[in-house]
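Trainee: I'd like to go through a protein model with you and ask how each label is earned. Can you show me what we're looking at?

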Amino acid sequence: MERCSVMKAANGSQDGLDFNPMKDYMILSSQQKIAVAVLCTPLGLLSALENLAVLYLILSSRRLRRKPSYLFISSLAAADFLASVVFACNFVNFHVFQGVDSKPVFLLKIGSVTLTFTASVGSLLLTAIDRYLCLRYPPTYKALLTRGKALVTLGIMWVISALVSYLPLMGWTCCPSPCSELFPLIPNNYLLGWLLFITFLFSGIIYTYGHVLWKAHQHAASLAEHQDGQVPGMTRMRLDVRLAKTLGVVLAVLFICWFPALALMAYSLATPLSDQVKKVFAFCSLLCLVNSMVNPIIYALRSGEIRASAHRCLACCRKHLRGLGPEGKEDVPRSSVSETEADGRVTQWADS
């Protein structure tokens with residue numbers, strides 16, 4: 001409550017330029033500020049460029065942008081691109097340059113950061129569901145998940161993410177509620193609600209991928225028993241086993257990048273934090289940015305179709321530079337296990 005009384009006094013001005021309680025959260029030393037700037041700037045730039053490239057490769061291909069699987073990957077790339085730009089700029093401005101904003105502007109910024117990361121996790125969940133449906137119901141996959149259904153689902157996910165993220169901007173701030181130890185103006189009860197929501201999304205991802213991994217494990221056991229013979233669905237089993245390698249990487253990256261920050265958020269709800277713990281949280285937050293940088297490699301660049309689109313773009317650029325004009329015909333190999341073609345066959349993730 002002591003912090004609330006100070007914030008009320010600071011927020012008494014019309015323009016909010018004397019919002020001094022923000023200084024209580026700016027706890028990095030000069031060396032740590034340099035480290036944050038050195039880490040955050042190139043990570044944010046690289047992540048933004050990677051995700052922008054994925055968006056371009058998908059949206060520039062008429063074939064890819066019509067498939068639900070690649071719509072989900074596009075949503076993931078868009079969320080990670082926005083997260084890279086919004087988070088990196090605001091994080092550096094707050095912790096390095098100690099930029100002070102009015103209350104509405106600050107809540108808009110922190111809400112935008114929350115939205116981008118929430119939408120990123122939501123897109124991961126939709127991608128997980130898409131791949132589960134593709135492997136579980138290959139003959140009817142295209143009927144189960146049409147392009148229209150995918151767009152509606154994405155729209156609902158982004159709207160829910162926005163509503164959850166901008167609740168503080170709509171008035172759910174601390175005072176008289178206890179303020180968060182990690183985020184200015186954010187009440188502990190809102191932080192608890194967001195943690196429960198994000199935990200629900202992660203649980204869905206783990207549960208869905210767990211089913212796929214278990215199915216791949218069964219297929220691997222079946223393949224081991226019939227090394228010299230043939231069993232029905234042998235090719236399908238091999239694809240499932242290959243996919244399991246990718247999904248193992250997915251779950252490992254999610255855990256490594258998100259668990260430290262989420263654990264410290266949960267810990268902050270139970271006890272006051274020292275400045276040392278807050279500094280640790282600041283650096284753990286950068287792991288979420290690393291996740292946005294790694295997502296394009298895991299979900300997009302491992303797809304043979306997106307790599308083929310990249311090769312076409314490079315060839316097109318070379319022809320333009322030589323004055324030969326762009327390529328005319330689009331000829332894409334079927335190589336992604338994330339979608340099922342009209343004939344109902346499950347195709348392969350290249351190099352999985």
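Trainee: Why is L185 called buried or exposed, whichever it is?
Mentor: Keep in mind that this is a predicted model. L185 has a relative accessible area of 2%. The cut-off for buried is under 20%, so L185 counts as buried.

Trainee: Where does L185 sit?
Mentor: L185 is in the loop between α7 and α8. Its phi is positive, about 70°, although L185 is not a glycine.

Trainee: What makes K278 and E181 a salt bridge?
Mentor: Look at the two side chains: nitrogen and oxygen are 3.8 Å apart. The rule asks for a Lys or Arg nitrogen within 4 Å of a carboxyl oxygen of Asp or Glu, so K278 and E181 qualify. Side chains of opposite charge can pair when their charged atoms come close.

Trainee: Which parts of the chain does that pair link?
Mentor: Distant ones: K278 belongs to helix α10, while E181 is in the loop between α7 and α8, 97 residues apart. A search of the whole structure finds one salt bridge.

Trainee: Are K278 and E181 buried or exposed?
Mentor: K278 has 9% relative accessible area, and E181 has 15%. Buried means under 20%, so K278 is buried and E181 is buried too.

Trainee: What makes I160 and G193 buried, partly exposed or exposed?
Mentor: I160 comes in at 37% relative accessibility and G193 at 32%. Partly exposed is the range between under 20% and over 50%, so I160 is partly exposed, and G193 is as well. As for their places, I160 lies in helix α7, residues 147-165, and G193 in helix α8.

Trainee: Which residue is G193 paired with in a C-alpha distance?
Mentor: That's V164. The two are 29 residues apart along the chain, with 9.0 Å between their C-alpha atoms.

Trainee: What makes a nonpolar patch on the surface here?
Mentor: V152, I156 and I160 form it, and together they have about 260 Å² of accessible area. Patch members need over 30% relative accessible area. I160, at 37%, clears that bar, so its place in the patch fits.

Trainee: How do you know whether A128 is buried or exposed?
Mentor: A128 has 0% relative accessibility. With buried set at under 20%, A128 is therefore buried. A128 is found in helix α5, and it touches T208 and Y209, not counting residues up to four places away in sequence. A128 and V212 are 84 residues apart in sequence but 9.2 Å apart in space, C-alpha to C-alpha.

Trainee: And A48, buried or exposed?
Mentor: A48 is at 10% relative accessibility, under the 20% cut-off, so A48 is buried. This residue lies in helix α2. Leaving aside neighbours within four places in sequence, A48 is in contact with F81, S84 and V85. Its C-alpha is 7.6 Å from that of M293, and the two are 245 residues apart in sequence.

Trainee: Which residues have the most contacts inside the largest nonpolar core?
Mentor: They are C40, W194, W258 and M265, in a core of 64 residues. Helices that each supply at least two residues of this core include α2 (30-59), α5 (103-136) and α9 (234-270). There's also a second, separate core of twelve residues, with F72, A119, L133 and M157 among them.

Trainee: What is W258 in contact with?
Mentor: Setting aside neighbours within four places in sequence, W258 is in contact with F117, V121, W194, F202, C288 and N291.

Trainee: How many helices and strands does the protein have?
Mentor: Eleven helices and zero strands. Of its 352 residues, 51% count as buried.

Trainee: Where does UniProt place the feature "transmembrane region"?
Mentor: The unreviewed UniProt entry lists several spans, including 106-129 and 246-268. In the model, residues 106-129 are 100% helix, with end C-alpha atoms 35 Å apart. Residues 246-268 are 100% helix, with end C-alpha atoms 34 Å apart.

Key. Residues numbered from 1 in each chain as written. Predicted model: local features only at pLDDT ≥ 70, side-chain atom pairs only at ≥ 80, totals over all residues. Heavy atoms only, no water. UniProt positions renumbered as here; feature names shortened; annotations may be inferred. Helix = DSSP H or I, 4+ residues; strand = E, 2+ residues; numbered from the N terminus. Buried < 20%, exposed > 50% of the residue type's maximum accessible area, 1.4 Å probe, protein only. Core = buried A, V, L, I, M, F, W, Y, C linked by side-chain atoms within 4.5 Å. Contact = heavy atoms within 4.5 Å. Patch = residues over 30% accessible without salt bridge, like charges linked within 9 Å, V, L, I, M, F, W, Y side chains within 5 Å. Areas by Shrake-Rupley, 256 points an atom, 1.4 Å probe, with all protein chains shown as cover.
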